[in-house]
Amino acid sequence: MSVELVIVALLVLLVAGLAGALVGLRVGRRCPDSDVVKRQAAAAHRDVGERLEMALDATGAAVWDADLIAGTCWWSDTFPRMLGYQDIPAMPPNFWEVRLHPEDRDRVLAHIASHLAGESASYVYEYRMRHETGGWLWISAKGRAMHDADGRPVRYAGIMTDITEARRQEERLRASEERLLKIMETAPIALNVTTRDGRWLFCNAQSVRLMGRPRTELMKTWVPDLYADPADRLALIQRYDREGAFRDAEIRFRKPDGSIVWALSSWSVIDFDGESALLTWLYDITDRKAAESALIRAREEAEHALAELREAQESLIQAETMASLGQLVAGVAHEINTPIGIGLTAASHIGEQADRLRERFTDGQLRKSDFVDFLSELAESSRLLMANIDRAASLVQSFKQVAVDQSSGDRRVFELGGYIAEVLFSLRPRLKRTRLTVEVDCAEGLMLDSYPGAFGQVLTNLVINALVHAYGDGAVGVIRITAQPEGDSRVRLDFMDDGAGIAPEHLPKVFEPFFTTKRGQGGSGLGLHIVFNTVTGPLGGTVSVQSWPGQGTRFTIKLPREAPAAAPVVETEATAP
C-alpha cells in the first residue's frame, strides 16, 4: 500500500471517529440516558483507534500529532516499534529529534521550520533515525501544519514510513547502474544508443575515440552525418526491418579530418527511459581493413612480379633453347669442316696434277706412264672428294632437319628410331670429346604424329644433362636409350646412364626451374625444367626420374603416339590509338 493511500485511510478513520464523537455528544445532550450515549461514543472511539492501529501495523507506518502551543507531541505505538522497542518507552517531546542522524539533523529541522513559517503547503522529506540496536533507519515523512486565524502554526501532524529496505534496494540498483555504466564507459567496443531519426541518447568513451569528436559535439551531431555515406545508415535500418537484430555489418565512418574509419556494426533495439531506441555496437576494424588492403596490394604486386618472372623464365628457356641450337650449329660446323677440308685438298691435288700433266704435254715430254699415273691419282682423288662431299651433305641434311624442327615447332609424322639417330648424329661433336658410348634400342617402324623439334629438344637436354652432371672429365660410361610401344596409343622411352646419380635430397627438385648443382660451372638449372615442360606440354606425356647414387639415373618418358591438339592462337588486329 502506498504512503498516499495510508494517509487517505487514516484521514477517513479520523474523520469517522470525530463524526461519531460529535454525534454522540449531541445525542447525549438531548437524551435523558446520557451515560449510555457516552459509553457508545467511547466504544466507537476505541474502535476507530484499533482500526487506525491495524492500518499502521499493516503498512509499517507511524503517525504523530504535535501541539505547538502546549509543546507536546503524540506518536502512535507503531513509532517506537519501528525503532526496535519491544515495550512502549517514555517519549518526551524531544524523543524524535535526539534520534536524528547528525548529518541529516540541520537539513530536516530547517525544512520543518520553513514549512511552519508558511513557505510551503505541506512537507515531504527523508532522513535517518537511530535504531534501538544502534543502526540507522531511513524514514520518509509527510505532514502538514495547521494555523490559527492569525496564521500562526498551532499544531502539525503527519505520517512516517520505514523506507530502509527501499533505500537499500535503490542503493544496490544505483551501484549496479554505476557498475554497468562504468563497464560500458570503459568497454573497448563503441556503444551507442540513438533514435531511429538520428538523435543521440548515449555514447561511451570508445565512441568518442572512434568518431574523433568531443562527447558534447558528438551528442549534438546528427547520426547520419557521421557515416561516410549517409545512405549506408538507411540501408542498415532497412536490413533491421527485414531481418531483426544482426551482427558484423562492415560500415565506414568519416572523422572531422576526412579520414575513414571502418567498423564492424551490430544492431538491436532497446527501451531507453521509456523510448524505443537503436542499440549499436561498433568494433574498430580500420587496422584490419588496412592490412587487408595491404595484403591485396602485396598479392597484386606478387602476381605482377610472378608474371614478370614467368616472362623472364620463358625468355631464359627460349635463350637456353637457342643456346642449344647454337651449340648444335657450332658442333655441326666443326664436324663439316673436316670432310670439306679433305674435299678441298683432293680438289687442289687434282688441279696440281692436271697442271703438271699439261706442262709435260706442252713440252712434248708426256709419257704413257705419266698419263696412267695421273688417271690413277685422279680416280683416287675423285673418290675421296665424293666421299667427303657425301659426308658433308649428310651432316648438312641432318643438321637442317633437326635445326628446322627445333626452331619451327611444326607438327609432322616421323619415325622415332630414325629421328633419335639424327639427333644423336647432330650431337656427335659434343660426344666425340668424351669417352662415353650411346646405345639405342628402338622398335622398328615406331611412328609418332607429334612435334619432332620438341622431342629433339628433350633428347638433347637429357644428353647434355648427363654429360654435365653424371660423368666427370674423362669418365667412361654408357648411355642407353630404349623406346618401345606401350599399348596401341603410347610409347615408353627410357633414358639411362651409369653415372654418379642424384642425391636423394636433390631428386624432388630436379624439374624445378633454376635448380642446379653446377651453379657457376655452366649449369643454368633450366635443362630438366625444359624437359618437364616440353613433355607435359606440347608432347602431352609424362616424365619421371629414378636415381641410385653412384650407380646412375633413369628418366622414363611416356608419350602418346598422337600428340594432343595445340590450343588455337587468337590473333588480334592492332588498331591505331
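Leaving aside its neighbours within four places in sequence, which residues is Leu385 in contact with? Keep that one in mind for a minute; I'll come back to it after some orientation.

What we have here is a predicted model. The protein chain has 14 helices and 17 strands. Of its 577 residues, 36% are buried. And if you take the contacts between residues at least 6 apart in sequence, 58% of them join residues at least 24 apart.

Okay, back to Leu385. You'll find Leu385 in helix α10, residues 368–408. Beyond its sequence neighbours, Leu385 is in contact with Gly343, Ala346 and Ala347. There's also Gly341, which sits 44 residues from Leu385 in sequence, while their C-alpha atoms are 9.7 Å apart in space.

Now the sheets. Let's begin with the one that has β1 in it. It's an open sheet of 5 strands, and reading across, the order is β2-β1-β5-β4-β3, with antiparallel pairing. Look at the edges: β2, residues 72–75, and β3, residues 123–130, each have a single partner strand, so one side of each has no neighbour in the sheet. From one strand to the next, the twist averages 25°. Zoom in on β1, residues 61–67: β1 runs antiparallel to β2, and 4 bridges join the two. One to click on is Trp64, whose bridge partner in β2 is Trp75.

Two helices to point out on this sheet. Helix α4, residues 102–116, packs on it and touches β3, β4 (136–147) and β5 (153–162). The direction of α4 makes about 150° with that of β3. Then there's helix α5, residues 164–186, which also packs on the sheet, touching β3, β4 and β5. For α5, the angle is about 120°, taken with the direction of β4.

Next sheet, please. This is another open one with 5 strands, in the order β7-β6-β10-β9-β8, and the pairing is antiparallel. Why is one side of β7 and of β8 left without a neighbour in the sheet? Well, β7 (200–203) and β8 (246–254) stand at the edges, and each has a single partner strand. Ignoring direction, neighbouring strands here are turned by 30° against each other on average.

Staying at the β8 edge, β8 and β9 (residues 260–272) run antiparallel, with 7 bridges joining them. One pair there is Ala249 with its bridge partner Ser265 in β9. Helix α8, residues 231–243, packs on this sheet, and it touches β6 (190–194), β8, β9 and β10 (275–284). Its direction makes about 170° with that of β8.

I'd like to stay on α8 for a bit. At 1.5 Å a residue, its 13 residues should span 18 Å, and the end C-alpha atoms are in fact 18 Å apart, so the two agree. Which residues of α8 are buried? They're Asp232, Arg233, Leu236, Ile237 and Tyr240. Those residues cover an arc of only 140° around the axis, which means they're on the same side of α8. That buried set packs against β6, β8, β9 and β10. Spin the helix around, and the face turned away from the buried side carries the exposed residues Leu234 and Arg242. After α8 comes Gly244, with a positive phi near 85°.

Back to Ser265, the one in β9. Is Ser265 buried or exposed? It has a relative accessible area of 1%, so it counts as buried, the cut-off being under 20%. The Ser265 side chain makes a polar contact with the side chain of Trp267, at 2.9 Å. Outside its sequence neighbours, Ser265 contacts several residues, including Phe246, Arg247, Asp248, Trp281 and Leu282.

Last stop, further along the chain. Strands β12 (residues 435–442) and β14 (residues 476–486) pair in the parallel sense, over 8 bridges. A pair to look at there is Val438 with Ile479 in β14. On to β15, residues 490–497: β14 and β15 run antiparallel, joined by 8 bridges. Gln484 stands opposite Arg492 in β15. And β14 and β15 make a hairpin, with 3 residues between them. In that turn, Gly487 has a positive phi of about 75°.

That's my tour; over to you.

Methods:
Residues are numbered from 1 along each chain as its sequence is written. This is a predicted model: local features need pLDDT of at least 70, side-chain atom pairs count only at pLDDT 80 or more; totals for chains, interfaces and linings use all residues. Side-chain values use heavy atoms; hydrogens and water are left out. Two strands pair if DSSP finds at least two bridges between them. Axes are lines fitted to C-alpha atoms, for helices over the stretch in contact, and angles run from 0 to 180 degrees between N-to-C directions. Contact means heavy atoms within 4.5 Å. The expected span of a helix is 1.5 Å times one less than its number of residues. Buried means under 20% relative accessible area, exposed over 50%, partly exposed in between (1.4 Å probe, protein chains only). The arc is that of the directions from the helix axis to the C-beta atoms. A polar contact is a pair of N or O atoms within 3.5 Å; within protein, one must be able to donate a hydrogen and the other to accept it, and residues adjacent in sequence count only if both atoms are side-chain atoms.
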